[in-house]
Amino acid sequence: MKKIINDPANVVAESLRGLAAAHADVLRVEYDPDVVIRADAPVAGKVAVISGGGSGHEPLHGGFVGHGMLAAAVPGAVFTSPTPDAVQAAVTATTGEAGALLIVKNYTGDVLNFETAAELAAAEGLEVRSVVIDDDVAVKDSTYTAGRRGVGGTVLLEKITGAAAERGDSLDAVTALAQKVIGQVRSIGVALTAPTVPHAGTPSFDLEENEIEFGIGIHGEPGRERLPAEPADALVSRMVDAVVSDLPFAAGDRVLLFTNSMGGTPLVELYLAHGIAERLLADRGIVVERRLVGPYITSLEMQGMSLTLLKLDDELTELWDAPVNTAALRWGL
């Protein structure tokens, strides 16, 4: 294993110190338990949108803390859910009378720990709601889940609900909007190589040189099938087919297309794939109105990519376009 680390046990804490040093204008970090918090939190009169999960998916979630997005993010150990006390600390630090919305990816540990934290916060007199995102179309059940996994759609959900909270929407309204996004977003991923968790020291799974894992999860969970490697045109077509057929998306739909690197795929390949996806969607009469391309929800150094489609309307488009100022997404300010 070759990584730019010191002690594997300290990777997350040391990374958080670097995050705090690099982006003190938008966030601060509290330790033991570890929580990434918006620099000006708590923001009076506004819903606190909070998310989190295992580390190793950066910039998710800490990179999305700031104006117009998350009030706080709770990082666990690499590929490990954060503990309930850490989630509770995030809620306590950012939540006022407007309440908090917890965005939870559908992994068993995340769901249980965020649910426990919500109960603890409620005992403190705080109003807390939770939503669970499960946008992965690849498999119904997986290594860490009952039901579909929460993947790339999480980024879009955090941006849109964060914008709604920033404009002053009520907790009921932000929660309803979150459910709307969850109902209209779908994703699929593919892996060319496996990630290596620092404390494990070996790849999470084995792939032959000529193999890909289609439908991979963001922790390296098995996908739909293992296939021979194929040219980008064929691979992206397979991915678009899987996503479009699931909602289903139809001719005339307005969408946001999110083409994501799993960490090790370079932008030259990612933009190539994005261009293919745009063409394939246009051929179906699906209108790509907004785009996001880059490594925004990763799996350490895994080579691979994911495609996410969100069905848009005027409100969702307005909220996507709204100003945001975080470590990983910045526009309009």
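**Surface, compactness and leucine 16 in a predicted model**

Modeller: In this predicted model, the chain exposes about 13000 Å², of which carbon and sulfur atoms supply 52%.

Biologist: What makes the chain as compact as a globular protein of its length?

Modeller: The chain holds eight helices and 14 strands. Its radius of gyration is 19 Å, and the globule rule gives 20 Å for 333 residues; the two values are close, so the chain is as compact as a globular protein of that length. Along the principal axes, the C-alpha trace spans about 55 × 50 × 35 Å.

Biologist: What share of the residues is buried, and what share of the contacts with a separation of 6 or more joins residues 24 or more positions apart?

Modeller: Of the 333 residues, 56% are buried. Residues 24 or more positions apart account for 73% of those contacts.

Biologist: Why is leucine 16 called buried?

Modeller: Buried means under 20% relative accessible area. Leucine 16 has 7% relative accessibility, and therefore counts as buried.

Biologist: Where does leucine 16 lie, and which residues does leucine 16 touch, not counting those up to four places away in sequence?

Modeller: Leucine 16 belongs to helix H1, residues 11-22. With that exclusion, leucine 16 touches Val29, Tyr31, Asp34, Val36 and Pro75. Aspartate 253 is 237 residues from leucine 16 in sequence and 40 Å from it in space, C-alpha to C-alpha.

Biologist: How many charged side chains of each sign does the chain have, and how far apart do the centres of the two sets lie?

Modeller: There are 25 positive and 45 negative side chains, with the centres of the two sets 4 Å apart.

Terms used:
Residues are numbered from 1 along each chain as its sequence is written. This is a predicted model: local features need pLDDT of at least 70, side-chain atom pairs count only at pLDDT 80 or more; totals for chains, interfaces and linings use all residues. Side-chain values use heavy atoms; hydrogens and water are left out. Helices (H or I, at least four residues) and strands (E, at least two) are DSSP runs, numbered from the N terminus. Buried means under 20% relative accessible area, exposed over 50%, partly exposed in between (1.4 Å probe, protein chains only). Contact means heavy atoms within 4.5 Å. The radius of gyration is taken over C-alpha atoms; the globule rule is 2.2 Å times the number of residues to the power 0.38. Accessible areas come from the Shrake-Rupley method with a 1.4 Å probe; for residues, only the protein chains shown count as cover. Lys and Arg count as positive and Asp and Glu as negative; His and the chain ends are not counted. The place of a charge is taken as NZ of Lys, CZ of Arg, CG of Asp or CD of Glu.
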